[in-house]
Every structure is written in C-alpha cells, then in structure tokens.
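I open this notebook to record what I looked up in the structure shown below. The entries follow the order in which I took up the topics.

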Amino acid sequence: MKAVFVAYNQAYNEEIVEILEGLNLRGYTRWIDVQGKGSFNGEPHLDNHAWPVLNHAILTMVKDEKVGQILEQIKAKDEAAPDLGLRAFVWNIENCY
C-alpha cells in the first residue's frame, strides 16, 4: 500500500478529485488553504498581497498498482499548465488498520 500526497494550486481542486474518482479511489483527506512555494520554479502561493494564490492538498492511500495511473494523470495536468503548481509524492505505508 502507498500514500499519495498531492499539493496543487487551488484552481485544480475539482480536477484532482475527478482523477481519484475516475480510478475508483473513494477515500482521501483534503486540506484547503495551504501555503507554500515550489523548490524549483513557479510563484509562491502564500495568500498575501504579493502572492495571493493558495494551494490545496490531498492525501490518499492506494494499492501499489494504482500509483502509476495517478502519477501519469497528475504529470499530464502539470505539463499542460506548469506555472500553476502541482506536485505528487509517494510514500510506503508499513501498516494500517
């Protein structure tokens, strides 16, 4: 099992949920109004007068075989609009109940 964490520009909100639903992934936790800035390029999302945009984030636990499909769709969205900001990270889950 894997944890997939996605941090994204708030403009992607419904699109990220649609990716999960399209892969029949029901469970997730979403945070809204998340601040941050990318480590390579792009503008900060800090909710202030200089950088008024915010991010959202989603964490979902998925079977290993779904990870590639999620990352493929997220990468395609990021490549279509690289200035918006969209990143996905994957962690191993050792145990859950």
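**Entry 1. Asn 55**

I began with the contacts of Asn 55. Leaving aside residues up to four places away in sequence, I find that Asn 55 touches Tyr 8, Asn 9, Gln 10, Ile 32, Asp 33, Val 34, Gln 35, Gly 36 and His 45. I note here that the model is a predicted one. Asn 55 belongs to strand E3. Is Asn 55 buried or exposed? Its relative accessible area is 11%, and a residue counts as buried under 20%, so I enter Asn 55 as buried. I also took one distance: the C-alpha atoms of Asn 55 and Lys 75 are separated by 17 Å, with the two positions 20 residues apart along the chain.

**Entry 2. Tyr 8 and the nonpolar core**

I next followed Tyr 8, one of the residues that Asn 55 touches. Beyond four places in sequence, Tyr 8 has contacts with Asn 13, Ile 16, Arg 30, Asn 55, His 56, Ala 57, Ile 58, Gly 85 and Leu 86.

Which members of the largest nonpolar core touch the most other members? I list Val 6, Tyr 8, Ile 16, Ile 70 and Leu 86, out of 16 residues in that core. I then looked up where the core residues come from: strand E1, helix H1 (13–22), strand E3 (55–62) and helix H2 (64–80) each supply at least two. Helix H1 gives the largest share, four residues. As a general remark, I add that nonpolar side chains tend to be buried together in soluble globular proteins.

**Entry 3. Helices H1 and H2**

I turned to the packing of the two helices that contribute to the core. In general, two packed helices are described by the angle between their axes and the distance between the axes. At what angle do the axes of H1 and H2 cross? I record roughly 155 degrees, with the axes coming within 10 Å. Angles over 145 degrees count as roughly antiparallel, so H1 is roughly antiparallel to H2. The crossing of H1 and H2 is right-handed. On the H1 side the contact is made by Glu 15, Ile 19 and Leu 20; on the H2 side, by Ile 70, Gln 73, Ile 74 and Lys 77. I note that Ile 70 also appears among the core residues that touch the most other members.

I checked one further residue of helix H1, Glu 18. Glu 18 is exposed, at 52% relative accessible area. From Glu 18 to Gln 35 the C-alpha distance is 23 Å, for a separation of 17 residues in sequence.

**Entry 4. Aromatic pairs**

I searched the whole structure for aromatic pairs and find three. In the pair of Phe 5 and Trp 31, the ring centres are 6.2 Å apart and the planes stand at 55 degrees, so I class the pair as tilted. Phe 5 lies in strand E1 (residues 2–9) and Trp 31 in strand E2 (residues 29–34), so the pair links parts of the chain that are 26 residues apart.

Phe 5 also pairs with Phe 89, again in a tilted arrangement, at 6.4 Å centre to centre and 35 degrees between the planes. Phe 89 is in strand E4 (residues 86–92), and the pair therefore ties strand E1 to a part of the chain 84 residues away in sequence.

I looked up accessibility for these residues: Phe 5 is partly exposed at 22%, Trp 31 is partly exposed at 39%, and Phe 89 is partly exposed at 41%. Phe 5, Trp 31, Phe 89 and Trp 91 form one aromatic cluster.

**Entry 5. Positive phi and a loop residue**

I noted two residues other than glycine with a positive phi. For Asn 24 the value is near 60 degrees. Asn 24 sits in the loop between H1 and E2, and at 69% relative accessibility it counts as exposed. For Asp 33 phi is near 55 degrees. Asp 33 is in strand E2 and is partly exposed, with a relative accessible area of 49%. Asp 33 is also among the residues that Asn 55 touches.

Last, I looked up Asn 48, in the loop between E2 and E3. Asn 48 is partly exposed at 31% relative accessibility. Its C-alpha atom is 9.9 Å from that of Gln 35, and the two residues are 13 apart in sequence.

Technical notes:
Residues are numbered from 1 along each chain as its sequence is written. This is a predicted model: local features need pLDDT of at least 70, side-chain atom pairs count only at pLDDT 80 or more; totals for chains, interfaces and linings use all residues. Side-chain values use heavy atoms; hydrogens and water are left out. Rings of Phe, Tyr and Trp (its six-membered ring) pair if their centres lie within 6.5 Å; planes under 30 degrees apart count as stacked, over 60 as edge-to-face and the rest as tilted. Buried means under 20% relative accessible area, exposed over 50%, partly exposed in between (1.4 Å probe, protein chains only). A nonpolar core is a set of buried Ala, Val, Leu, Ile, Met, Phe, Trp, Tyr and Cys residues joined through side-chain atoms within 4.5 Å. Contact means heavy atoms within 4.5 Å. Axes are lines fitted to C-alpha atoms, for helices over the stretch in contact, and angles run from 0 to 180 degrees between N-to-C directions. Angles under 35 degrees count as roughly parallel, over 145 as roughly antiparallel, 65 to 115 as roughly perpendicular and the rest as oblique. A crossing is left-handed if the near helix is turned anticlockwise from the far one by less than a right angle, and right-handed if clockwise.
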